Amino acid sequence: MTEQRHPAECFHPGEFLAEELAARSWTVAEFTRRCNQKSRKTWLTTEAAVQEILDRKARVDAVTAFRFHQALGTSAEYWQNLQAAYDSWQVEEARRSVAP
C-alpha cells in the first residue's frame, strides 16, 4: 500500500507574486499598469485587486491569471495551478483538522 504524501504547507499565489515583483523591482502600480497594457476596459486589473492577492485575501481567477501572464511572461496556467494547489491544500487541512 502506497502512503499518500501531503505538503507540510502550500503557499498562496500572492506569495509567489510578491517574489516576482521583488525580483523585478516593480511596485504594485507598475505591475498593475503592465497587466492592463493590452486589456479591454471591462477586464482591467486594479491596484487594490493586486494588493488583495498579495495580502492573501483574494484568489487568482482565470482573467487575473491571464493578466499576470501578460505582465510577467509566465503562463496563465502557472497562476491557475498555484491557486488550485493552494485551494486543495486548504480543503485538505480543514478536513484533517476535523477528522478523528
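## Exercises on a five-helix chain

With a relative accessibility of 18%, Asn36 counts as buried (buried is under 20% relative accessible area, exposed over 50%, partly exposed in between; 1.4 Å probe, protein chains only). The model is predicted, with local features needing pLDDT of at least 70 and side-chain atom pairs counting only at pLDDT 80 or more, while totals for chains, interfaces and linings use all residues. Residues are numbered from 1 along each chain as its sequence is written, and side-chain values use heavy atoms, leaving out hydrogens and water.

**Exercise 1. Describe the overall make-up of the chain.**

Step 1. Start with the elements: the chain has five helices and zero strands (helices are DSSP runs of H or I of at least four residues, strands runs of E of at least two, numbered from the N terminus). Their order from the N terminus is α-α-α-α-α.

Step 2. Now look at burial: of the 100 residues, 33% are buried.

Step 3. Finish with the contacts (heavy atoms within 4.5 Å). Of those between residues at least 6 apart in sequence, 60% join residues at least 24 apart.

**Exercise 2. Find what surrounds Asn36.**

Step 1. Locate Asn36 in the loop between α2 and α3.

Step 2. List its contacts, leaving aside neighbours within four places in sequence: Trp43, Leu44 and Thr45.

Step 3. Follow the side chain of Asn36, which reaches the backbone oxygen of Thr45 at 2.7 Å.

**Exercise 3. Work out how α1 and α3 pack.**

Step 1. Recall the general approach: two packed helices are described by the angle and the distance between their axes.

Step 2. Take the values. The axes of α1 (residues 13-24) and α3 (residues 47-54) come within 7 Å and cross at roughly 115 degrees. Such axes are lines fitted to C-alpha atoms, for helices over the stretch in contact, with angles from 0 to 180 degrees between N-to-C directions.

Step 3. Classify the angle: α1 and α3 are roughly perpendicular to each other (65 to 115 degrees; under 35 is roughly parallel, over 145 roughly antiparallel and the rest oblique).

Step 4. Name the residues that meet: Gly14, Leu17, Ala18 and Leu21 from α1, and Val50, Ile53 and Leu54 from α3. This contact has six nonpolar residues, one polar and no charged. Here Ala, Val, Leu, Ile, Met, Phe, Trp, Tyr, Cys and Pro are nonpolar, Asp, Glu, Lys and Arg charged, and the others, Gly among them, polar.

**Exercise 4. Identify the buried faces of α2 and α3.**

Step 1. In α3, the buried residues are Val50, Ile53 and Leu54. Viewed down the axis of α3, they fall within an arc of 100 degrees, so they line one face of the helix. The arc is taken from the directions from the helix axis to the C-beta atoms.

Step 2. Ask what covers them: the cover includes α1, α2 (28-35) and α4 (62-72).

Step 3. Turn to α2, where Val28, Phe31, Thr32 and Cys35 are buried. Their arc of only 100 degrees around the axis puts them on the same side of α2. The buried residues of α2 pack against α1, α3 and α4.

**Exercise 5. Characterise two loop residues with positive phi.**

Step 1. Ser25 sits in the loop between α1 and α2. Its phi is near 55 degrees, a positive value in a residue other than glycine, and Ser25 is exposed at 65% relative accessibility.

Step 2. Arg56 belongs to the loop between α3 and α4. Although not a glycine, Arg56 has a positive phi of about 65 degrees, and its relative accessible area of 39% makes it partly exposed.

Methods
Polar contact = N/O pair within 3.5 Å; in protein donor to acceptor, adjacent residues only side chain to side chain.
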